[in-house]
Amino acid sequence: MDQKPRPQLRQVLRAKRSVLVIGSFLFSILLAFQAQANDLEVHGFLSQGYLKSTGNNYLAKTKIGSWEYSEAAINFATSVTDELSMGVQFFTRELGRLGNFKIDVDWAFGDYAYSDWLGFRVGRIKNPYGLYGEIQDFDIVRATVLLPQSVYYLAIRDLVVSFNGASLYGSVDLGDFGAFDYQLFGGGLVFDENNSMAYYFENEAYNPETGIQAFDMTEVTSKWCGGGALKYHTPLEGLLFNISGFLVNGNGKATMSPEITKTLETVDKKPEDWTEELTATFHNVLFWVGSAQYTYDDFVATTEYAGYVGTMQFSLAPVTPQAILNQHRWYAQFEYRFSDL
């Protein structure tokens with residue numbers, strides 16, 4: 001007799017089906033509109049990296065060297081009319097335990113540009129996180145192989161890369177005072193099997209001194225997210241400022257390590273209602289980035305400051321008490337292009 005899928009497996013299967021449905025639906029629309037549309041553009045990339053670190057492992061076994069750093073994508077885009085365009089990108093990667101070459105819909109949305117000051121997007125949309133959130137997969141826009149990890153940490157890529165929902169955007173020309181670009185958005189984040197956020201929490205739960213993994217994340221879900229971005233192009237040519245951020249509410253499920261249970265029993269501190277099933281609730285966690293960039297010919301100076309603020313409440317208090325998230329990160333980067341090659 002066939003067994004019913006476990007709840008977690010059912011959620012994973014539903015997530016995979018939703019990804020395939022979104023991608024297939026958008027791709028079918030692209031083909032259907034092709035007779036009326038302009039050219040169908042097809043682009044993609046394939047990259048292979050080698051990671052080597054001296055101090056500690058970084059997302060893979062990098063102390064001994066690792067080739068587990070690969071990315072590939074293919075995207076399709078077309079303009080149905082002068083105002084309406086649509087596209088979809090399929091993305092896959094391997095970074096240590098992350099990705100395992102599972103194919104995801106990176107973005108897939110329809111875009112209606114009503115005017116310069118107002119446009120609409122619906123679907124799976126790139127998150128305007130910092131200066132590089134929407135273009136972090138385009139290696140050509142940056143000089144470094146990895147974006148500065150203080151702000152664009154690959155272990156939280158699934159959190160900041162895209163969302164399912166809708167957005168408003170536009171540009172407002174201020175004449176001699178410069179111009180503003182804005183975005184407002186809302187929807188929900190998508191966390192599939194083997195997502196980077198589960199890995200991030202597991203990494204935080206590892207104690208290198210004892211070698212104990214406190215818990216294993218089995219599921220991360222998003223209730224909703226919402227945010228925006230505002231970019232100011234100053235009257236000084238090449239100088240811009242940007243502020244972006246979004247709020248997240250969600251839940252997580254994990255299984256506590258048997259070593260934790262044994263330790264509590266040894267010291268006679270195990271609660272009577274103890275269970276190894278842990279749930280976590282993320283209350284209004286805010287991720288924000290303030291940015292400044294100056295470009296002069298082939299020289300680019302960039303600095304960004306990010307803050308992660310919020311509350312995470314765990315079910316197994318006081319063993320796993322409420323946690324306050326209050327992290328701040330920044331970087332400064334200078335680039336100069338010597339040649340177009």
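Q: What do buried, partly exposed and exposed mean for relative accessible area?
A: Buried means under 20% relative accessible area, exposed means over 50%, and partly exposed covers what lies in between. The model discussed here is predicted.

Q: Why is N100 called partly exposed?
A: The relative accessibility of N100 is 46%. Buried would need a value under 20% and exposed a value over 50%, so 46% falls in between and N100 counts as partly exposed. N100 is found in the loop that joins β3 (84-95) to β4 (104-115).

Q: What makes the phi of N100 worth a remark?
A: Phi is positive at N100, about 50°, although N100 is not a glycine. Most residues other than glycine have a negative phi.

Q: Which strand holds N284, and what is the sign of its phi?
A: N284 lies in strand β12. Its phi is also positive, at about 45°, and N284 is not a glycine. With a relative accessible area of 43%, N284 is neither under 20% nor over 50%, and is therefore partly exposed.

Q: Why does T62 count as buried?
A: The relative accessibility of T62 is 2%. The limit for buried is under 20%, so T62 meets it. T62 sits in the loop between β1 and β2 (66-79).

Q: How do you know that the side chain of T62 makes a polar contact with Y58?
A: The side chain of T62 reaches the backbone nitrogen of Y58 at 2.8 Å. A polar contact requires a pair of N or O atoms within 3.5 Å, and 2.8 Å satisfies that distance.

Q: Which residues is T62 in contact with, leaving aside neighbours within four places in sequence?
A: They are L51, K52, S53, N56 and N57.

Q: Why is one side of β1 and of β14 left without a neighbour in the sheet?
A: The open sheet has twelve strands in the order β1-β2-β3-β4-β5-β6-β7-β10-β11-β12-β13-β14, paired in the antiparallel sense. β1 (41-51) and β14 (323-336) stand at its edges with a single partner strand each, so one side of each has no neighbour there. On average, neighbouring strands of this sheet are turned by 15° against each other, direction ignored.

Q: How do you know that β11 and β12 pair?
A: Pairing needs at least two bridges between two strands. β11 (residues 239-256) and β12 (residues 277-296) have 16 bridges in the antiparallel sense, so they pair. At one of these places, the bridge partner of G250 is F282 in β12.

Q: Why is I243 called partly exposed?
A: I243, in strand β11, has a relative accessible area of 42%. That value lies between the limits of 20% and 50%, so the term is partly exposed.

Q: Which contacts does I243 make, leaving aside neighbours within four places in sequence?
A: I243 is in contact with G228, A229, L230, W288, V289 and G290. Of these, A229 is 14 residues away in sequence, with 5.7 Å between the two C-alpha atoms.

Q: What is the pLDDT of the protein on average, and where is it below 50?
A: The average is 82, and 80% of the residues score at least 70. Over residues 1-22 the pLDDT is below 50, and this stretch has 17 contacts in the model beyond near neighbours in sequence.

Q: How many helices and strands are there in the protein?
A: There are four helices and 14 strands. Of the 341 residues, 44% are buried.

Key:
Residues numbered from 1 in each chain as written. Heavy atoms only, no water. Helix = DSSP H or I, 4+ residues; strand = E, 2+ residues; numbered from the N terminus. Axes fitted to C-alpha atoms, helices over the stretch in contact; angles between N-to-C directions. Buried < 20%, exposed > 50% of the residue type's maximum accessible area, 1.4 Å probe, protein only. Polar contact = N/O pair within 3.5 Å; in protein donor to acceptor, adjacent residues only side chain to side chain. Contact = heavy atoms within 4.5 Å. pLDDT = per-residue confidence, 0-100.
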